[in-house]
Amino acid sequence: MRRHLPDSPEPVAAGHSAYRSLPDWATLPPGYDTPMTDDDHAWKQLLDPHSQFPAEALTGLEQRAREALMACGEVALARTGEAAVDGRRPFDPAFWTRLPRWRTRDVFQADVPVGLDWGGEELAFLSLVVTEEALEVRLPAIAWTTGYGGPALVASLWRREPFAKLRGSALRTLLAEGFEALRARHVVCSRCGEGFGPGRCLTVGDEVVCHGCAEGELGVVF
């Protein structure tokens with residue numbers, strides 16, 4: 001991508017080299033001339049897997065996403081009592097290679113499973129929606145569609161906090177509370193005794209019954 005900068009007679013490549021054409025009075029951003037480390041490159045590849053948004057350093061959004069993922073990974077690990085998964089910790093980008101994630105220019109979203117069990121139950125994850133300014137923690141749910149479409153997996157807003165309020169231990173506290181809120185949403189079927197996530201059970205009279213038992217034993221038609 002090429003762009004024109006003020007007082008620059010020729011187009012210059014976007015990125016740090018562009019700052020060379022800024023006027024003398026311009027204020028350069030902190031660290032503009034600091035090259036990315038190998039670790040930064042690995043995080044860049046993780047957070048922008050299709051190289052849609054090239055830059056010569058991690059953007060503000062990518063720095064926030066890295067911060068949120070590392071904190072969420074540490075909280076999830078603490079809940080399992082494990083120190084690492086396959087010998088890796090959340091500060092290592094390779095730790096997250098199986099992470100379901102999506103990216104646009106200004107938003108990064110990832111679904112971090114409870115206990116970091118990548119093959120676990122579909123409703124057992126925190127969905128993190130990151131912008132440069134704020135973090136949304138969303139909880140999974142089932143949305144029932146019309147006609148023959150069947151149920152759809154969604155994630156509904158639980159909390160949104162600006163990063164300005166998530167300094168120190170506040171970020172990990174928020175994520176730990178999110179995991180607890182997720183756990184509280186799971187219910188046990190009064191018929192089969194199995195646990196289910198939100199949207200997989202319904203109340204019939206005084207009972208909370210899973211869909212399977214509702215169909216098989218109570219004749220409910222979905």
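Start by selecting C189: in this predicted model the residue is buried, at a relative accessible area of 2%. Now bring up the sulfur of C192, which is the nearest cysteine sulfur to that of C189, 3.7 Å away. Is that pair bonded or free? C189 is in no disulfide, because a disulfide needs the two sulfur atoms within 2.5 Å.

Next, click on C201. This one also counts as buried, with 17% relative accessibility. Its nearest cysteine sulfur belongs to C210, 5.7 Å off, and C201 is in no disulfide. The disulfide count comes to zero, so don't go hunting for one under the 2.5 Å cut-off.

Time for the sheet. Colour β3 to β7 and you get an open sheet of five strands, ordered β3-β4-β5-β6-β7, with antiparallel pairing. Which strands sit at the edges? Select 101-103 for β3 and 151-162 for β7; each of these pairs on one side only. Look along the sheet and you'll see the twist, which averages 25° from one strand to the next.

Zoom in on the β3 end. β3 pairs with β4 (residues 108-113) in the antiparallel sense, over three bridges. For one residue pair to display, pick R101 and its bridge partner in β4, A110.

Last stop: select residues 170-185, which is helix α3. What does this helix lie across? Show β4, β5 (125-130), β6 (134-144) and β7 together, and you'll find α3 lying across these four strands. Line up your view with β6 and compare directions: α3 runs at about 10° to that strand.

Terms used. Residues numbered from 1 in each chain as written. Predicted model: local features only at pLDDT ≥ 70, side-chain atom pairs only at ≥ 80, totals over all residues. Heavy atoms only, no water. Pairing = 2+ DSSP bridges. Helix = DSSP H or I, 4+ residues; strand = E, 2+ residues; numbered from the N terminus. Axes fitted to C-alpha atoms, helices over the stretch in contact; angles between N-to-C directions. Contact = heavy atoms within 4.5 Å. Buried < 20%, exposed > 50% of the residue type's maximum accessible area, 1.4 Å probe, protein only.
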